[in-house]
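Student: Could we go through this model together, asking of each label what entitles us to use it?
Tutor: Gladly; let us set each value against its criterion and then conclude.

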Amino acid sequence: MIGEDKLRILLTKYGLDYEKVINKNPNITTYGNYSDIEYNLNFLINEKKIFVKNIEKSPSVLFINPRNVEENYRFLEQTGVTVGNIHTCLSLLIMNPEEIKETYEYVKENYGIQALNRNTSVMGVKTSVIKEIEQKFERFGYPKNSLVLSAASICTSVYHGEKISNVSQVVEVLTTCKELNIPLFPTMFRHNVNDINRIVSLCKEKNIALTGSIFQRTSTEIEEIISFCEENNLPVVGNM
């Protein structure tokens, strides 16, 4: 545990915005300790020259065991994965070192190093989860391709400094696509079933082509854009 005042002073010393860090992960005061946070800050900023804004977006990395952070980073440096991708996927560093190595080897062997550079965050997913999602894809008649990795990455989040995967979210999307007889896009895994159904209905109603870019927005955002276009006599297009 670290007091709010001590944390604020420490973060300010390294150029981080205290409010941004706390808003992103308030657990840092409960689960973090001063020495670990300072060690990680020094390693990431002074030694590895990682931008402060990247750390502010992924503050969980600050209160993880420094040994894991350093070991994971040094391993990733040797993999052939672009350094810039590592710097923008700092949640990878919270992984158990053996798990990240296992995932790297599995994805590299089955999908190639290019897939790791396109979707670096997938190394933050346990191999067992990727294999489970592959089985779900096969069950629904989908091929084992990069969509598997997209699904694995999107359904995995950080909770109390640990990676948690929600495979049921993937199954719901696959089920919905089959029921509606629509293409599967990686951006769909960011939505719940109700939102997907609403987006599909809006596209049919307004004669909008169903593309992956459509699912980069929520159904509420799409409705607002459609209303704006109609009010201003503008065409509604699929790349909204």
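Student: What makes Phe 137, Tyr 142 and Phe 189 one aromatic cluster?
Tutor: In this predicted model, Phe 137, Tyr 142 and Phe 189 are grouped through ring pairing, for which ring centres must lie within 6.5 Å. Tyr 142 and Phe 189 also appear among the contacts of Phe 137 beyond its neighbours within four places in sequence, together with others including Val 148, Leu 174 and Leu 184.

Student: Where does Phe 137 stand in the largest nonpolar core?
Tutor: That core has 76 residues, and Phe 137 is listed with Ile 133 and Leu 184 as having the most contacts inside it. Helix H12, residues 167-180, supplies the largest share of the core, 6 residues.

Student: Why is Lys 178 said to lie over the face of Tyr 142?
Tutor: The distance from Lys 178 to the ring centre of Tyr 142 is 4.7 Å, and the limit for the NZ atom of a Lys is 6 Å, with a further condition of 35 degrees from the ring normal. Lys 144 is likewise placed over the face of Tyr 111, at 5.8 Å from the ring centre.

Student: Why is the pair of Phe 43 and Tyr 73 called edge-to-face?
Tutor: The ring centres of Phe 43 and Tyr 73 are 5.8 Å apart, and the planes stand at 90 degrees, so the pair is edge-to-face; the cut-offs to satisfy are 6.5 Å for the centres and over 60 degrees for the planes. This pair links distant parts of the chain, with Phe 43 in helix H4 (residues 34-47) and Tyr 73 in helix H6 (residues 66-77), 30 residues apart. Both residues are buried, and the structure holds 6 aromatic pairs.

Student: How do you know that Glu 47 and Arg 74 form a salt bridge?
Tutor: The closest N and O atoms of Glu 47 and Arg 74 are 2.7 Å apart, whereas the criterion asks for a separation within 4 Å, so the label applies. Because Glu 47 lies in helix H4 and Arg 74 in helix H6, the pair ties together parts that are 27 residues apart in sequence. Glu 47 and Arg 74 also belong, with Glu 70, to a network of salt bridges.

Student: Is Lys 13 buried or exposed, and why?
Tutor: Lys 13 has a relative accessible area of 56%, and exposed requires over 50%, so Lys 13 is exposed. The partner of Lys 13 in a salt bridge of 3.2 Å, N to O, is Glu 38, which at 23% relative accessibility counts as partly exposed.

Student: What makes Glu 230 and Lys 206 a salt bridge?
Tutor: The closest N and O atoms of Glu 230 and Lys 206 are 2.8 Å apart, and the cut-off is 4 Å. The pair links helix H14 (residues 219-231), which holds Glu 230, to helix H13 (residues 193-206), which holds Lys 206. A search of the whole structure finds 11 salt bridges.

Student: Why does Asn 33 count as partly exposed?
Tutor: Asn 33 is at 28% relative accessibility, and partly exposed covers values between the limits of 20% and 50%, so the term fits. Asn 33 sits in the loop between helix H3 (28-31) and H4, and its side chain makes polar contacts of 2.9 Å with the side chain of Ser 35 and of 2.9 Å with that of Asp 36.

How values were computed
Residues are numbered from 1 along each chain as its sequence is written. This is a predicted model: local features need pLDDT of at least 70, side-chain atom pairs count only at pLDDT 80 or more; totals for chains, interfaces and linings use all residues. Side-chain values use heavy atoms; hydrogens and water are left out. A nonpolar core is a set of buried Ala, Val, Leu, Ile, Met, Phe, Trp, Tyr and Cys residues joined through side-chain atoms within 4.5 Å. Buried means under 20% relative accessible area, exposed over 50%, partly exposed in between (1.4 Å probe, protein chains only). Helices (H or I, at least four residues) and strands (E, at least two) are DSSP runs, numbered from the N terminus. Contact means heavy atoms within 4.5 Å. Rings of Phe, Tyr and Trp (its six-membered ring) pair if their centres lie within 6.5 Å; planes under 30 degrees apart count as stacked, over 60 as edge-to-face and the rest as tilted. A polar contact is a pair of N or O atoms within 3.5 Å; within protein, one must be able to donate a hydrogen and the other to accept it, and residues adjacent in sequence count only if both atoms are side-chain atoms. A salt bridge is a side-chain nitrogen of Lys or Arg within 4 Å of a carboxyl oxygen of Asp or Glu.
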